[in-house]
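Dear colleague,

I am passing this structure on to you, together with some notes on what was found in it. Please have the sequence and the model open while you read.

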Amino acid sequence: MKDYYCAVTFHSTYHAIQFEKTFKELGYMIKLMPVPRQISSSCGTAATFPCELWDRIKSLSQKYHVEIDDVHKVYATGNSNWFKKMLGK
């Protein structure tokens with residue numbers, strides 16, 4: 001079992017819903033959730049997905065004009081450095 005997942009943050013709730021709708025229509029298992037407190041976002045909604053799909057998610061977001069704010073790798077540990085920004089990957 002992995003001890004991390006990826007979370008996408010958005011500029012607005014509209015973008016979060018657009019992201020979820022687009023990717024569910026494409027057959028991806030996307031789940032919306034509240035943004036963890038440690039991740040800064042102007043919107044309170046994030047979407048989670050397996051990190052190994054990041055390159056595909058990024059490509060499809062651009063193709064379908066789905067705006068995202070940032071991507072974070074979230075670790076399920078007690079470590080204080082439990083997330084890492086991935087957008088610049």
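Is the link of cysteine 6 and cysteine 51 right-handed or left-handed? It is right-handed, with 115 degrees about the S-S bond, though please keep in mind throughout that this is a predicted model. This link is the one disulfide that the structure holds, and its two sulfur atoms, that of cysteine 6 and that of cysteine 51, lie 2.1 Å from each other. The pair connects distant parts of the chain, since cysteine 6 belongs to strand E1 (residues 4-9) while cysteine 51 is found in the loop between strand E3 (45-49) and helix H2 (54-63), 45 residues apart. Cysteine 6 and cysteine 51 are both buried.

For orientation, the protein has two helices and five strands, which follow one another along the sequence in the pattern β-α-β-β-α-β-β. Of its 89 residues, 42% are buried, and if one takes the contacts between residues at least 6 apart in sequence, 64% of these join residues at least 24 apart.

Strand E1, which carries cysteine 6, has two partners that may be worth following in the model. With E4 it runs antiparallel, and six bridges join the two strands; in this pairing tyrosine 5 stands opposite valine 74, and cysteine 6 stands opposite lysine 73. With E3 the strand E1 also pairs in the antiparallel sense, here over four bridges, and valine 8 is placed opposite alanine 47 of E3. Lysine 73 has a further role in the picture, as its charged end sits over the ring of tyrosine 4, at 4.3 Å from the centre of that ring. As for the surroundings of E4, five of its six residues are buried, so this strand is largely enclosed by the rest of the structure.

Which residues of H2 are buried? They are Trp54, Ile57, Leu60 and Ser61, and because they fall within an arc of 135 degrees when one looks down the axis of H2, they line one face of the helix. The spacing along a helix helps in reading such a pattern: an α-helix has 3.6 residues a turn, so residues three or four places apart point the same way. On the other side of H2, by contrast, Asp55, Gln62 and Lys63 are exposed. The buried residues of H2 are covered by parts of the structure that include helix H1 (13-25), E3 and strand E4 (70-75).

Just after H2 comes histidine 65, which lies in the loop between H2 and E4. Its phi is near 55 degrees, a positive value in a residue other than glycine, and the residue is exposed, with a relative accessible area of 67%.

Turning to the rings, four aromatic pairs were counted. One of them joins phenylalanine 49 and tryptophan 54 in a stacked arrangement, with 6.4 Å centre to centre and 25 degrees between the planes. Both partners are buried: phenylalanine 49 has a relative accessible area of 3%, and tryptophan 54 has one of 1%. Elsewhere, ring pairs link Phe10, Phe19, Phe23 and Tyr28 into a cluster.

Finally, where is methionine 33 placed? Methionine 33 lies in strand E2 (residues 31-34), and its relative accessible area is 19%, so it counts as buried, a term that applies under 20%. If its neighbours within four places in sequence are left aside, methionine 33 is in contact with Tyr5, Gly44, Thr45, Ala46 and Thr48. Tyr5 is the residue that stands opposite valine 74 in E4. Alanine 16, which is 17 residues away from methionine 33 along the chain, has its C-alpha atom 9.8 Å from that of methionine 33.

If you look at one part of the model before the others, I would suggest the disulfide of cysteine 6 and cysteine 51, and after that the buried face of H2.

With best wishes

Technical notes: Residues numbered from 1 in each chain as written. Predicted model: local features only at pLDDT ≥ 70, side-chain atom pairs only at ≥ 80, totals over all residues. Heavy atoms only, no water. Disulfide = S-S within 2.5 Å. Buried < 20%, exposed > 50% of the residue type's maximum accessible area, 1.4 Å probe, protein only. Arc of directions from axis to C-beta. Contact = heavy atoms within 4.5 Å. Pairing = 2+ DSSP bridges. Phe/Tyr/Trp six-rings, centres within 6.5 Å; stacked < 30°, edge-to-face > 60°. Lys NZ or Arg CZ within 6 Å of the ring centre and 35° of its normal.
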